[in-house]
Protein chains: 2
Amino acid sequence: MTTQPVEMTVHSAQPYNAEPPRAALANRDLTPLDAFYHRNHAVETPRLDPATWALRVDGRVERPATFSLGELRQRFAEHSEVVTLQCAGNRRAGLLEVAELPGETPWGPGATGTARWRGVRLADVLRDVGVDPAATDVAFTGADRPEETEGAPYEVSVPLEKALAPEVLLAWSMNDEPLPAAHGAPVRVVVPGWIGARSVKWLEGVTVADGPSQGHYQAVAYRLLPADAAPARGRGVALGPIAVNADVLAPADGAEVPAGRVPVTGYALAGGDRTVVRVDVSTDGGATWAEADLEPQASRWSWRHWQAELDLPPGTTRVVVRAWDSAAGVQPADPAELWNPKGYVNNSWAHVTLHAIGDADG
Amino acid sequence: MTTQPVEMTVHSAQPYNAEPPRAALANRDLTPLDAFYHRNHAVETPRLDPATWALRVDGRVERPATFSLGELRQRFAEHSEVVTLQCAGNRRAGLLEVAELPGETPWGPGATGTARWRGVRLADVLRDVGVDPAATDVAFTGADRPEETEGAPYEVSVPLEKALAPEVLLAWSMNDEPLPAAHGAPVRVVVPGWIGARSVKWLEGVTVADGPSQGHYQAVAYRLLPADAAPARGRGVALGPIAVNADVLAPADGAEVPAGRVPVTGYALAGGDRTVVRVDVSTDGGATWAEADLEPQASRWSWRHWQAELDLPPGTTRVVVRAWDSAAGVQPADPAELWNPKGYVNNSWAHVTLHAIGDADG
């Protein structure tokens, strides 16, 4: 563990979009707050006063209500969950090697991180206000007002079935510290297994509805488009749960290492409600694979770290990793297979290039 | 719809293992009984007398019980579900093109089918006998006694969470006809979204347990092994839910078709509890793709048929299909990527070769 500050790669200052280097994520169940990626849509980070903040819960409910932070804490049982969040744009850089993606942030491998989130279950709040059994979705409204929606607040939804799942939290704490303003204070949603864009920060409204959100970030953006399609309202498929993914976290891409036995480590994340059952590492481009050792998983909703020891000859080796989920789903080989016009959900085999120095037998 | 008998490909007579041609599965929500694949492990098909048959429910339960067929029908509400079953060995022929798989049945594309199953919910039966909340799994024992287990009955299990899911049935009817002896009469289990091997036929016992079955068909067979591993007890990962898959059902592989506009149809199946959100068809090996039209899905647990119209020049074209699931999971391109020593769960891109005859402009 280092006490040096983490050098974030800042993709843009306003909105603030930044990711940590691989090493800051390696070998830790929980990502330190100063190494957690920032993905913002609005230029202004909302600064909400927790003393006056209130959550509105409305829509297809029997008893629309507002809850202060104190009321949320008093009325509902506190729960915590270790959850990995991952931006739909994580690893977009790999898609940019296939074809350009104008206007899209070139995220590397660091738009993911894991924290212990503490708060109340969304399900408990929804049960308290009484959900119309005919409702299908639950929308979340943030206090952030992105320029691309011309001042309309950030809004997305999840299906009611997921909203009622015990793992979905309204969280005010991150790694046992108060939720920082940059991560959505005073309260954000945490939707385990789904793209980070559904875990709405600076939460102000929860609305039970008859269909999915028609807001920009679900009806236009954060959709999987065919390679030859242009983004348009309703085109393609709204991204929700994420598919199995993995990456190398150490050594760094391009690192010099001593030839011979080289430990390599990284993470895998199954996505949705699946688990990681195997991670494979290859030094011959995927012609042959060695099984990595899997570390214990901190929670059902967190990533799983893996370790492998490679025997590297002097020279340059590309280390490739892929994971399998509990349905025997495996990552596709090539980013070209899944390239899409918004550059989302790159879960192709991940890789780093290592330069081994010296005599392997020395 | 034809009234001609379906010509099954019989891989072995004893045990009886047979699959229909692609065309028999095409464009039908429900697969006719005479076109439903047969996957057996024992030489003798059990012939159980429904009048004397009884289901034993025991293990970690408060009130072990046996139920006659009449008692099952009287005591519990009847439910039906349209469910696609798929053998873990479906499409093994594609893996055989990568490397040999001695002793394994060379299943083609037809080891899958969809039926309306009617019976009672396993969950209702389990609640009736009272499940120990500390239990984790539920084992199913069939009346079939395969030679490879030296007379021990066929046995596998599912996690308790799945056993309690409303879609898991103890079924006595298939497409509104009494369950045929060949498909497990009088009662079989139907476990939607999971490999067919968990849907135990000729059910005789349901045992609530503290861990997964240690029987041959879960602890040794039906496991995903690394490519260089030998089957051994506990090696690899037990297959359970299945990953997204798709195939072409018409025209047949190798068919002659008129050049020009050629309709192509097939199915996609998401597996687990996911849904199919997109199907792509390519005539250039996956360099470019066209979206197929998706038919309505008969149920959450059934396959989804798709249609595409291709413009084929005279000559030979390889038509490739792949599907995406609701977590943006996509099929891997090449069977070599997932080849495994028992030849299971081939969900690589599927293909047929078509020979277009004549003048495309004619």
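These are my notebook entries on a predicted model, written as I looked things up.

**Ground rules**

I number residues from 1 along each chain as its sequence is written, and I letter chains from A and number ligands from 1 in the order in which they are written. Since I am reading a predicted model, local features need pLDDT of at least 70, side-chain atom pairs count only at pLDDT 80 or more, and totals for chains, interfaces and linings use all residues, while side-chain values use heavy atoms, with hydrogens and water left out.

**Confidence**

I looked up pLDDT, the predictor's confidence in each residue, from 0 to 100. Chain A averages 96, and 98% of its residues score at least 70. I also compared the elements, meaning DSSP runs numbered from the N terminus: helices (H or I, at least four residues) and strands (E, at least two). Among the elements of chain A, strand β11 (residues 188-190) has the highest mean pLDDT, at 99, and helix α5 (residues 216-219) the lowest, at 97. For the complex, the predictor gives an ipTM of 0.96 and a pTM of 0.96.

**A sheet in chain A**

In what order do the four strands of the open sheet in chain A stand? I read β15-β17-β21-β20, with antiparallel pairing; strands pair if DSSP finds at least two bridges between them. At the edges I found β15 (245-250) and β20 (293-294) of chain A, each with a single partner strand, so one side of each has no neighbour in the sheet. Then I checked β17 (residues 260-269) against β21 (residues 304-312), both of chain A: nine bridges join these antiparallel strands. One spot to find by eye is V264(A), which stands opposite A308(A) in β21(A).

**Helix α3 of chain A**

Next I asked which residues of helix α3 (residues 122-129) of chain A are buried. I listed L122(A), A123(A), V125(A), L126(A) and V129(A). For burial I used relative accessible area: buried is under 20%, exposed is over 50%, and partly exposed is in between (1.4 Å probe, protein chains only). These residues cover an arc of only 160 degrees around the axis, so they are on the same side of α3(A); the arc is that of the directions from the helix axis to the C-beta atoms. Just after α3(A), I noted that G130(A) takes a positive phi of about 80 degrees.

**Aromatic rings**

I counted rings of Phe, Tyr and Trp (its six-membered ring) as paired if their centres lie within 6.5 Å, with planes under 30 degrees apart called stacked, over 60 edge-to-face and the rest tilted. The whole structure holds 16 aromatic pairs over all chains. I looked up F36(B) and W117(B), an edge-to-face pair at 5.9 Å centre to centre with 90 degrees between the planes. This pair links distant parts of the chain, 81 residues apart: F36(B) is in the loop between β2 (17-19) and β3 (54-59) of chain B, and W117(B) is in strand β6 (residues 112-121) of chain B. I found both F36(B) and W117(B) buried.

My second pair was Y267(B) and W303(B), which is tilted: 5.3 Å centre to centre, with 40 degrees between the planes. Y267(B) lies in strand β17 (residues 260-269) of chain B and W303(B) in the loop between β20 (293-294) and β21 (304-312) of chain B, so the pair ties together parts 36 residues apart in sequence. Y267(B) is buried at 0% relative accessible area, and W303(B) counts as buried at 1%.

In chain A, I saw ring pairs link Y154(A), Y217(A), Y222(A) and Y344(A) into a cluster.

**Salt bridges**

I took a salt bridge as a side-chain nitrogen of Lys or Arg within 4 Å of a carboxyl oxygen of Asp or Glu. My search of the whole structure gave 39 salt bridges over all chains. In one of them, the closest N and O atoms of R235(A) and E291(B) are 3.1 Å apart. R235(A) lies in the loop between β13 (223-224) and β14 (237-238) of chain A and E291(B) in strand β19 (residues 290-291) of chain B, so this pair joins two chains. R235(A) is partly exposed at 31% relative accessible area, and E291(B) counts as partly exposed at 38%.
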